[in-house]
Amino acid sequence: MIYTVTFNPALDYVIAVDHFAQGKVNRTVKEDIFCGGKGINVSVLLANLGVESTALGFVAGFTGKEIERGLKAFGISSDFIHVKSGMSRINVKLKSEEETEINGMGPDIRPEDVEALFEKLNRLGSGDVLVLSGSIPAAVGNDIYRRIMEQLKDRGVCIAVDAERDLLTEVLPLKPFLIKPNNHELGQIFGKELKTEKEIIDGAMSLKDRGAVNVLVSMAKDGAILVDENGKVHRLGVCRGTVKNSVGAGDSMVAGFLAGYLKTGDYDYALRLGTASGGATAFSDGMGSRKMIMDLFAQLTENGGK
């Protein structure tokens, strides 16, 4: 079973406004509500590919109940911790000439809530997959990824981590199966801008040497690079299409990669399915559909993504 953890789930209220004007009344021309959060995005994309997962994390209040209802409607199982104080976030994502986001705070997570999550994670064992992704609420502590991986060490759990800087580098000695920085996040780890493909590959190799089993680097319009467990470098270009949405494409790549690898054990296939999944979400208003993913997968297979 694949498990995803979202520490601060949200309802994403996505609105479009023609020519947004600050300080004036603006009327929407389009609006949608999605269940948000990086782990939830992974679960939704997996569901679109027909792969089961269970979403874990913390929810609270009427918004938390709506997140659970929304996932159930997608056919996604969830086993959230219900926090007593506060409510799950509502994030407003405004699309106009520029994209603007206003993110809510989230509930008041207590130590006993964190302990309850660890009890659920303690059930995982050999053959299970765990996806840890996204930012961490201050109340939880920035060492939470490391603590989770330490608890599951030697259990045979395949763990993927999609996080920034210290959250990511701290877990490298615990040998995560997959990490997925983008090229900018990779540069931040080394304190410099990575301008060439060689610099990006060298950076990925360095993180592999520090413990990561596979390093997948997304590079937006420049495609993706994978350094696999054997040190082989895989390079793939982007899908052809019109970008509509910048939210969830990286999460979709993680989901597609894991689905592809678990199905075939082949890294080239996994990279193509991950790239197609990320592209399908980027070209959609929400998460990419199975049909678009498989259309883009065929496109990548035919032309190498160039």
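These legends walk through several close-up views of a predicted model.

**View 1. Four strands side by side in an open sheet.**
Start with the strand order, which reads β3-β2-β7-β8, with a mixed pairing pattern. At the edges sit β3 (28-36) and β8 (99-102), and each of these has a pairing partner on one side only. On average, neighbouring strands in this sheet are turned by 15° against each other, direction ignored. If you're new to sheets, here's the background: strands pair through backbone hydrogen bonds, either parallel or antiparallel.

**View 2. Strands β2 and β7 running parallel.**
Now zoom in on one pair from that sheet. How many bridges join β2 to β7? There are 7 of them, linking residues 10-17 of β2 with residues 89-95 of β7. To get your bearings, look for Ala16, which stands opposite Lys95 in β7.

**View 3. A nonpolar patch on the surface.**
Three residues make up this patch: Phe62, Met87 and Ile90. Together they have about 300 Å² of accessible area. Met87 belongs to the loop between β6 (81-82) and β7. Is Met87 buried or partly exposed? Its relative accessible area is 38%, so Met87 counts as partly exposed.

**View 4. A salt bridge within helix α2.**
Here Glu66 pairs up with Arg69, and their closest N and O atoms are 2.7 Å apart. Both residues lie in helix α2 (residues 61-73). They're 3 residues apart, which is about one turn of the helix. Neither partner is hidden away: Glu66 is partly exposed, at 30% relative accessible area, and Arg69 is partly exposed too, at 48%. This pair is one of 17 salt bridges found in a search of the whole structure.

**View 5. Arg146 and its salt-bridge partners.**
Keep your eye on Arg146 in this view. Its side chain meets that of Asp143 in a salt bridge, at 3.5 Å from N to O. Arg146 also forms a salt bridge with Glu150, where the closest N and O atoms are 3.1 Å apart. Where do Arg146 and Glu150 lie? Both are in helix α4 (residues 144-151), 4 residues apart, or about one turn of the helix. Which residues end up in one network through shared salt-bridge partners? The members are Asp143, Arg146, Arg147, Glu150 and Glu170. As for accessibility, Arg146 is partly exposed at 23%, Asp143 is partly exposed at 26%, and Glu150 is partly exposed at 40%.

**View 6. Ser218 and Lys180 in a polar contact.**
For the last stop, find Ser218 in strand β12 (residues 214-218). Its side chain is joined to the side chain of Lys180 by a polar contact of 2.9 Å. Why does Ser218 count as buried? Its relative accessible area is 12%, and the buried label applies because that value falls under the 20% cut-off.

Definitions and conventions
Residues numbered from 1 in each chain as written. Predicted model: local features only at pLDDT ≥ 70, side-chain atom pairs only at ≥ 80, totals over all residues. Heavy atoms only, no water. Pairing = 2+ DSSP bridges. Helix = DSSP H or I, 4+ residues; strand = E, 2+ residues; numbered from the N terminus. Axes fitted to C-alpha atoms, helices over the stretch in contact; angles between N-to-C directions. Patch = residues over 30% accessible without salt bridge, like charges linked within 9 Å, V, L, I, M, F, W, Y side chains within 5 Å. Areas by Shrake-Rupley, 256 points an atom, 1.4 Å probe, with all protein chains shown as cover. Salt bridge = Lys/Arg side-chain N within 4 Å of Asp/Glu carboxyl O. Buried < 20%, exposed > 50% of the residue type's maximum accessible area, 1.4 Å probe, protein only. Polar contact = N/O pair within 3.5 Å; in protein donor to acceptor, adjacent residues only side chain to side chain.
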